Amino acid sequence: MFVLELTYTVPLDAVDALLPDHVAWLDEQYEKGVFLASGRKNPRDGGVILAVAGDRAGIEEIVAGDPFTVAGVCAYRVTEFIATKTAPELARHRQTLH
């Protein structure tokens with residue numbers, strides 16, 4: 001499982017201009033079952049996405065396709081973790097330590 005933290009690197013008006021494309025990209029990732037939750041940080045200086053994927057390389061490829069990344073309006077911090085405990089709704093994403 002991955003926590004993707006976005007930090008905006010430009011003024012909000014530049015971010016907002018790309019928001020419809022970013023939301024369409026988010027929708028694609030939800031449809032594929034990659035993203036579990038997402039939203040703006042408060043204060044609004046970026047966002048956070050909770051994601052699942054087979055490996056870090058796959059997540060980094062997805063992140064590279066974000067219109068925000070393509071346009072250079074944000075920086076991503078990718079944190080991988082092993083979800084050994086989850087809410088019942090996320091049980092299918094639960095992992096075990098090796």
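# A guided tour, starting at Val3

Begin by selecting Val3: looking across to S3, you will find Leu50 as its bridge partner. Now look towards S4, where the bridge partner of Val3 is Thr79. Before moving on, keep in mind that what you have open is a predicted model.

**Stop 1: the sheet**

Next, colour the strands. There are 4 of them, forming an open sheet in the order S2-S3-S1-S4, with antiparallel pairing. Which strands stand at the edges? They are S2 (35-40) and S4 (74-80); each has a single partner strand, so one side of each is left without a neighbour in the sheet. If you look at how neighbouring strands are turned against each other, the average is 15°, direction ignored. As general background, strands of a sheet pair through backbone hydrogen bonds, either parallel or antiparallel.

**Stop 2: strand S1 and its partners**

Select residues 2-8, which make up strand S1. On one side, S1 pairs with S4 in the antiparallel sense over 7 bridges. S1 and S3 also run antiparallel, joined by 6 bridges.

Now pick Glu5. In S3, Val48 stands opposite Glu5, while in S4 the bridge partner of Glu5 is Arg77.

Then compare the two faces of S1. Phe2, Leu4, Leu6 and Tyr8 make up the covered face; Val3, Glu5 and Thr7 make up the uncovered one.

**Stop 3: Arg77**

Move along to Arg77, which is found in strand S4. Is Arg77 buried or exposed? Its relative accessible area is 53%, above the 50% cut-off, so Arg77 counts as exposed. Apart from neighbours within four places in sequence, Arg77 is in contact with Val3, Leu4 and Glu5. For a distance to try in your viewer, draw a line from the C-alpha atom of Arg77 to that of Gly58: the two are 19 residues apart along the chain and separated by 15 Å.

**Stop 4: the hairpin and a cis bond**

Select S2 and S3 together. These strands pair in the antiparallel sense over 5 bridges, and a hairpin joins S2 to S3 through 5 residues. One of the bridges to find links Phe35 with its partner in S3, Ala51.

In the loop between S2 and S3 you will come to Pro43. Zoom in on the peptide bond from Asn42 to Pro43: this bond is cis, with omega near 10°.

**Stop 5: helix H1**

Show residues 12-31 as a cartoon; this is helix H1. Helix H1 lies across S1, S2, S3 (46-51) and S4, and runs at about 165° to S2.

Two residues of the helix are worth a click. Val23 lies in helix H1 and, with 36% relative accessibility, counts as partly exposed. Although Val23 and Pro67 are 44 residues apart in sequence, their C-alpha atoms are 9.2 Å apart in space.

Gln29 also has its place in helix H1. How accessible is Gln29? The relative accessible area is 4%, under the 20% cut-off, so Gln29 is buried. With neighbours within four places in sequence left aside, the contacts of Gln29 are Val34, Phe35 and Ile62.

**Stop 6: the nonpolar core**

Switch on the side chains of the largest nonpolar core, which has 20 residues. Which of them touch the most other members? Select Leu4, Phe35, Ile49, Ile59, Phe68 and Tyr76 to see them. S1, H1, S3, helix H2 (56-64) and S4 are the elements that give two or more residues to this core. In soluble globular proteins, nonpolar side chains tend to be buried together.

Stay with Leu4, on the covered face of S1, and show what surrounds it. Not counting neighbours within four places in sequence, Leu4 has contacts that include Phe35, Ile49, Ile59, Val63 and Tyr76. Gly47, Val48, Ala51, Arg77 and Val78 are also in contact with Leu4.

**Last stop: the largest pocket**

To finish, turn on the surface and look for the largest pocket, which has a volume of about 180 Å³. How many residues line this pocket? There are 14, and Leu19, His22, Leu26, Gly39 and Arg40 are the ones that lie nearest its centre. S1, H1, S2 and S3 each give two or more residues to the lining.

Key: Residues are numbered from 1 along each chain as its sequence is written. This is a predicted model: local features need pLDDT of at least 70, side-chain atom pairs count only at pLDDT 80 or more; totals for chains, interfaces and linings use all residues. Side-chain values use heavy atoms; hydrogens and water are left out. Two strands pair if DSSP finds at least two bridges between them. Axes are lines fitted to C-alpha atoms, for helices over the stretch in contact, and angles run from 0 to 180 degrees between N-to-C directions. Contact means heavy atoms within 4.5 Å. A nonpolar core is a set of buried Ala, Val, Leu, Ile, Met, Phe, Trp, Tyr and Cys residues joined through side-chain atoms within 4.5 Å. Buried means under 20% relative accessible area, exposed over 50%, partly exposed in between (1.4 Å probe, protein chains only). On a 1 Å grid over the protein atoms alone, a cavity is a set of points where a 1.4 Å probe fits but cannot get out, and a pocket is an open set with protein on both sides within 12 Å along at least five of seven lines; lining residues have an atom within 4 Å of a point. Grid points are joined across faces, edges and corners, and a volume is the space filled by probe spheres set on the points.
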